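Thank you for making time for this at the group meeting. I would like to walk through one structure with you slowly, explaining each term when it comes up.

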Amino acid sequence: MHEQPTQPGIRVSLGELIEMRHRVREVQLFSTPARRSPLIGLHHSKLRGRGVDFDQVRVYQPGDDVRTIDWRVTARTQEPHTKLFHEERERPIYIMVEQSQRLFFGSALMFKSVLAAQAASLIGWAALGHNDRIGGLVFGDLEHHEIKPRRSKQSLLQLLSRLARANQALGNHSQSSRDSFGLALRRAREVLRPGSLVVIVCDERTLNDSSEQQLLLLARHTDLLLLPLSDPLDHALPNAGLLRFTEHGAQLELDTQDAELRQAYRNQADARKARWQRLAQKLGVPLLALSTQSEMIEQLREHLNAQRPRKTL
């Protein structure tokens, strides 16, 4: 693939997504023997009791399932130890990342499409470093590209290559009216085995009745990590006078000096955010909302710190 010249914040290159591997150490997305991530409980519970293969024993850490304590090692060492299982170390992680026209927009540090690509890349490199099997689905207005989960760097590079190509193609075609998010979720339900971890990176505005139902069905057999993306202009209109918008020959005028209009716009945005929050609470899954307004890794750190269990005296 011949890449277009990089336009910082507007388009992203494969090289930039590969370089994201150097930033994995800046945020603790997955656990290591020395450090545990607040996301540790994401999907291990579904793997218990399914004939999984024993892998190794390590010192018990807060949050471990007490049913996996190895009592013989604990008695011998006088320190609690727990068993690790093969699937914990090589779980399938399926990264679903949107690259549609509605993401080809940004009023702050970068376009939402770039933010999506960077977040998906960072999670992919973190998962590979954790010895997990990586695959995913890049979906947009007109097509989607799927990479089956494999424990190989090549699998991740294939996903990132597809992601970069989709990103660089944005702006070259008109937006489709089909429900690309719903179609992508249905595909994920068809191909993913129980116990997989599905990371969903999409526009905040993609959530509708159909896609929410698909997410509820998907969550029955897999674990989810939700990363809805937004831009400051998605949440509030500036008081900037008369704004004109044109698409496919149709024109729209908005008088942003109208306080009622600005309030109605803000109310719609608040309702979208609340819907994601209700869904995450219902499913019991992490919600890591990201904005183009500030640096991605700093936002992820803030989310993970907020989810970290508080110490009690």
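**A walk through the model**

Let me begin with a single polar contact: the backbone oxygen of His22 lies 2.9 Å from a polar atom of the side chain of Arg25. By polar contact I mean a pair of N or O atoms within 3.5 Å, where, within protein, one must be able to donate a hydrogen and the other to accept it, and where residues adjacent in sequence count only if both atoms are side-chain atoms. Before going further, I should say that this is a predicted model, in which local features need pLDDT of at least 70 and side-chain atom pairs count only at pLDDT 80 or more, while totals for chains, interfaces and linings use all residues. Residues are numbered from 1 along each chain as its sequence is written, and side-chain values use heavy atoms, with hydrogens and water left out.

Arg25 itself lies in the loop between α1 (14-19) and β1 (54-59), where helices (H or I, at least four residues) and strands (E, at least two) are DSSP runs, numbered from the N terminus. Arg25 is exposed, with a relative accessible area of 67%; buried means under 20% relative accessible area, exposed over 50%, and partly exposed in between, using a 1.4 Å probe and protein chains only. Arg25 and Ala126 are 101 residues apart in sequence, and yet their C-alpha atoms are 8.3 Å apart in space.

Stepping back to the whole protein chain, we find 10 helices and 10 strands, and 47% of its 313 residues count as buried. If we take contacts, meaning heavy atoms within 4.5 Å, between residues at least 6 apart in sequence, then 74% of them join residues at least 24 apart.

Now to a pair of helices. Two packed helices are described by the angle between their axes and the distance between the axes. Helix α4 (residues 112-129) and helix α5 (residues 153-169) pack at an angle of about 180°, with their axes 11 Å apart; the axes are lines fitted to C-alpha atoms, for helices over the stretch in contact, and angles run from 0 to 180 degrees between N-to-C directions. How, then, are α4 and α5 oriented to each other? They are roughly antiparallel, since angles under 35 degrees count as roughly parallel, over 145 as roughly antiparallel, 65 to 115 as roughly perpendicular and the rest as oblique. Among the residues that make the contact are Ala117, Gly124 and Trp125 of α4, together with Leu156, Leu160 and Asn167 of α5.

Helix α4 comes up again in the largest nonpolar core, which has 44 residues. A nonpolar core is a set of buried Ala, Val, Leu, Ile, Met, Phe, Trp, Tyr and Cys residues joined through side-chain atoms within 4.5 Å. The largest share of this core, 11 residues, comes from α4, while the members that touch the most other members are Val199, Leu227 and Met296. Not counting residues up to four places away in sequence, Met296 touches Met20, Leu115, Gln118, Ala119, Leu122 and Leu290. There is also a second, separate core of 24 residues, which includes Phe139, Ala184, Ala219 and Trp276.

Let us turn to helix α7 (residues 209-218), which is largely enclosed by the rest of the structure, because 7 of its 10 residues are buried. Those buried residues pack against α6 (180-191), β6, β7 and α9 (259-283). At the N-terminal end of α7, Asn208 acts as a cap, with a side-chain oxygen 3.1 Å from the backbone nitrogen of Ser210.

Finally, a few single residues. Is Ser196, in the loop between α6 and β6, buried or exposed? Ser196 is buried, with a relative accessible area of 1%, and a polar atom of its side chain lies 2.9 Å from the backbone oxygen of Arg193. Leu304, found in helix α10, is buried too, with a relative accessible area of 3%. Gln78, by contrast, counts as exposed at 67% relative accessibility; Gln78 lies in the loop between α2 (71-77) and β2 (81-85), and its phi is near 60°, a positive value in a residue other than glycine. Ala289, in the loop between α9 and β10 (290-291), is partly exposed, with a relative accessible area of 33%.
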